[in-house]
Amino acid sequence: MYFDITPNNEFIKTEKVPGPTKEEIRALVISKVKLTDEDVVVDVGCGTGGLTLEFAKRAKKIYSIDMNPDAIKTTRANLEKFGLQNKVELIEDEGLKALDHIEDFTKLMIGGSGGNLDNIIETGYLKLPIGGRIVITSIVLETATDSVHMLKELGAEPEVVNISVSKGTLLDRGVMMKALNPITIVSARKI
Ligand SMILES: C[S@@+](CC[C@H](N)C(=O)[O-])C[C@H]1O[C@@H](n2cnc3c(N)ncnc32)[C@H](O)[C@@H]1O
């Protein structure tokens, strides 16, 4: 089956909002989330909506949270561009506050936490059902190591992968590879 990941250049973007998460990373995140069509996903820090869009293509329901109003606007614009707005509830709020009001989700994605990482992980992990999954993407190592410590404290067994993607540029004399910044993905199953 064709594994459809939306190319980076098809997203509506603004300088005020980070993202989208690079397409190769989005593909891997879906695999680490172990996304199914029965899933209810919470995406904390939805940014441009890169991951929200991939979840919306495949899952039953998505709650996408961002404290930046421009991120909510941009995510909405991208969902509407691809006709996927109906599955997604957009919440303009701080992640932890918004999580307090959401129940019965099966997967938790954290793509931004703004100094509240430990609390968002703890609250989210405790609300997940046994067998649910939590995935954290990080551009700084400290987010990854802090996530590992917190998940271990909660009794989980986190997996850590660091992905370096290089993209080829076609030149007359060959293909020049340009490295993009590495991303660390921490993931765990609720046990
Ligand atoms: C790197 S971007 C996420 C990109 C996104 N995964 C995508 O594919 O477009 C991180 C986002 O997290 C948001 N953010 C950071 N801390 C937050 C918090 N505590 N609560 C809600 N949103 C937060 C930021 O406003 C930003 O839009």
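The lining of the largest pocket in this predicted model divides into 17 nonpolar, 17 polar and 6 charged residues. The space in this pocket amounts to about 760 Å³. Of the 40 residues that form its lining, P18, G45, G111, G112 and T137 are the closest to the centre. Several elements of secondary structure give two or more residues each to this lining, namely the strands β1 (40-44), β2 (61-66) and β5 (133-138) and the helices α2 (50-58) and α5 (117-127). The largest share comes from β5, which supplies 3 residues.

The largest pocket is also the space taken by the ligand. Around the ligand itself, the shell comprises 22 residues, and those that come nearest are T21, D66, E94, G95 and G114. By class, this shell holds 13 polar residues, together with 6 nonpolar and 3 charged ones.

Polar atoms of the protein backbone approach the ligand at several positions. At G114, a polar backbone atom is found 2.9 Å from a nitrogen atom of the ligand; G114 is also listed among the residues that come nearest to the ligand. Oxygen atoms of the ligand are involved in two further pairings. In one of these, a polar backbone atom of G50 lies at a distance of 3.2 Å from a ligand oxygen. In the other, the separation between a ligand oxygen and a backbone N or O atom of C46 is 3.3 Å. On its own, the ligand has 620 Å² of accessible area, of which the protein covers 87%.

The backbone of the model also shows local features that depart from the usual geometry. Most peptide bonds are trans, and most residues other than glycine have a negative phi. The peptide bond that joins G19 and P20, however, is cis, with omega at about 0°. P20 belongs to the segment that precedes α1 (23-33).

Positive phi values in residues other than glycine are found at K34 and at D104. For K34, phi is near 55°, and this residue is placed in the loop that runs between α1 and β1. For D104, phi is near 60°. D104 is located in the loop between α4 (95-99) and β4 (107-110).

Note on methods. Residues numbered from 1 in each chain as written. Predicted model: local features only at pLDDT ≥ 70, side-chain atom pairs only at ≥ 80, totals over all residues. Heavy atoms only, no water. Near = heavy atom within 4 Å. Polar contact = N/O pair within 3.5 Å; in protein donor to acceptor, adjacent residues only side chain to side chain. Areas by Shrake-Rupley, 256 points an atom, 1.4 Å probe, with all protein chains shown as cover. 1 Å grid on protein atoms, 1.4 Å probe; cavity = no way out; pocket = protein on both sides within 12 Å on 5 of 7 lines; lining within 4 Å. Sits in = over half its atoms within 2 Å of the grid points. Nonpolar A, V, L, I, M, F, W, Y, C, P; charged D, E, K, R; others polar. Points joined across faces, edges and corners; volume = space filled by probe spheres on them. Helix = DSSP H or I, 4+ residues; strand = E, 2+ residues; numbered from the N terminus.
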